[in-house]
Amino acid sequence: AIAAKLNGAFDKVAGVLARSTLLPKHFQGQPENVFVGLQMAARMKIDAMMLLQNMQVTNGKPGLSAVMQIALANKYGPFSCPIMFKENLTGANPSVTAYAVHKASGEAVSFTVDMKMAEAEGWTRNPKYKSMPGVMLAYRAACFLIRRYCPEVTMGMQSSEEVEDA
């Protein structure tokens with residue numbers, strides 16, 4: 001009975017939000033998609049608008065922006081400090097390592113992404129890899145770090161870029 005009332009409330013809110021121009025286009029006029037987003041936000045225990053503003057949908061598959069994933073990991077993840085980055089952007093194979101310290105073990109955990117990996121995976125079709133390689137490599141490294149050490153924070157969702165790649 002409580003679940004039915006909650007879903008009824010979500011239906012009403014989804015309808016109102018779907019009429020808003022403040023949501024991304026893939027939610028405008030789509031109360032069903034908004035409803036799913038509201039359900040996901042409730043399960044993740046995060047603000048619904050924050051999720052809706054940072055979720056992209058590609059071929060029916062949701063993805064979270066890399067910035068959103070980093071924010072979630074910094075706030076809810078198992079790390080004793082925010083995710084940090086070490087950049088090595090000189091030489092033939094620029095790289096960025098995302099790292100943090102795990103609260104429970106005190107162990108530093110990391111993931112490195114380099115330009116050779118970006119090229120092999122086809123990510124460099126995005127012109128941002130030429131104009132701002134440090135940022136792009138950092139986002140990818142952070143998303144891998146999060147998926148490896150705290151996938152529960154993002155409910156296992158991939159980044160928007162990874163969904164597009166697939």
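This report describes the fold, strand pairing, backbone outliers, internal cavity and salt bridge of a predicted model.

**Overall architecture**

The protein has 166 residues, of which buried residues make up 40%, and its C-alpha atoms fill a box of roughly 60 × 40 × 25 Å when taken along the principal axes. Its secondary structure comes to 8 helices and 5 strands, and from the N terminus on these elements follow the order α-α-α-β-β-α-β-β-β-α-α-α-α.

**Helix 2**

Helix 2 covers residues 31–44, and its 14 residues reach 20 Å from the first C-alpha to the last, which is close to the 20 Å expected at 1.5 Å a residue. The buried positions of this helix are Val34, Gly37, Leu38, Gln39, Met40, Ala41 and Met44. As background to such a list, an α-helix has 3.6 residues a turn, so residues three or four places apart point the same way. Just after helix 2, Lys45 adopts a positive phi of about 60 degrees.

**Strand pairing and hairpins**

Strand 1 (55–58) and strand 2 (61–64) flank the loop that holds Asn59, and the two strands run antiparallel, joined by 4 bridges. Within this pair, Gln56 has Gly63 in strand 2 as its bridge partner. The hairpin that they form has 2 residues between the strands, and Asn59 takes a positive phi near 50 degrees there.

Strand 4, residues 95–101, pairs with strand 3 as well as with strand 5. With strand 3 (residues 84–88) the pairing is antiparallel over 5 bridges, and Phe85 is matched with Ala98 of strand 4. With strand 5 (residues 108–114) the pairing is likewise antiparallel, over 7 bridges, and Ser95 is matched with Asp114 of strand 5. Strand 4 is also mostly covered, since 5 of its 7 residues are buried.

The three hairpins can be set side by side, each with a residue of positive phi.

| Hairpin | Residues between the strands | Residue with positive phi |
|---|---|---|
| Strand 1 and strand 2 | 2 residues | Asn59, near 50 degrees |
| Strand 3 and strand 4 | 6 residues | Gly91, near 90 degrees |
| Strand 4 and strand 5 | 6 residues | Gly106, near 75 degrees |

**Positive phi outside glycine**

Asn59 is not a glycine, although its phi is positive at about 50 degrees. How exposed is Asn59, in terms of relative accessible area? The value is 81%, and Asn59 therefore counts as exposed.

Met155 is another residue other than glycine with a positive phi, here near 55 degrees. Met155 belongs to the loop between helix 7 (133–149) and helix 8 (160–165), and because its relative accessibility is 41%, Met155 counts as partly exposed.

**The cavity**

Rolling a probe the size of a water molecule over the atoms shows where empty space is left. In this model the search yields 1 cavity of 30 Å³ or more, and the volume of the largest cavity is about 40 Å³. Which residues line the largest cavity? The lining consists of Ala66, Tyr129, Met136, Tyr139, Arg140 and Glu161. Helix 7 contributes the largest share of this lining, with 3 residues. By residue type, the lining divides into 4 nonpolar, no polar and 2 charged residues.

**The salt bridge**

Side chains of opposite charge can pair when their charged atoms come close. How many salt bridges does a search of the whole structure find? The search finds 1 salt bridge. The pair is formed by Glu162 and Arg147, whose closest N and O atoms are 2.3 Å apart. This pair links distant parts of the chain, with Glu162 in helix 8 and Arg147 in helix 7, 15 residues apart.

The two partners fall into separate accessibility classes. Glu162 has a relative accessibility of 8% and so counts as buried, for which the limit is under 20%. Arg147, at 27% relative accessibility, therefore counts as partly exposed.

Conventions: Residues are numbered from 1 along each chain as its sequence is written. This is a predicted model: local features need pLDDT of at least 70, side-chain atom pairs count only at pLDDT 80 or more; totals for chains, interfaces and linings use all residues. Side-chain values use heavy atoms; hydrogens and water are left out. Buried means under 20% relative accessible area, exposed over 50%, partly exposed in between (1.4 Å probe, protein chains only). The expected span of a helix is 1.5 Å times one less than its number of residues. Two strands pair if DSSP finds at least two bridges between them. On a 1 Å grid over the protein atoms alone, a cavity is a set of points where a 1.4 Å probe fits but cannot get out, and a pocket is an open set with protein on both sides within 12 Å along at least five of seven lines; lining residues have an atom within 4 Å of a point. Grid points are joined across faces, edges and corners, and a volume is the space filled by probe spheres set on the points. Ala, Val, Leu, Ile, Met, Phe, Trp, Tyr, Cys and Pro count as nonpolar, Asp, Glu, Lys and Arg as charged, and the others, Gly among them, as polar. A salt bridge is a side-chain nitrogen of Lys or Arg within 4 Å of a carboxyl oxygen of Asp or Glu.
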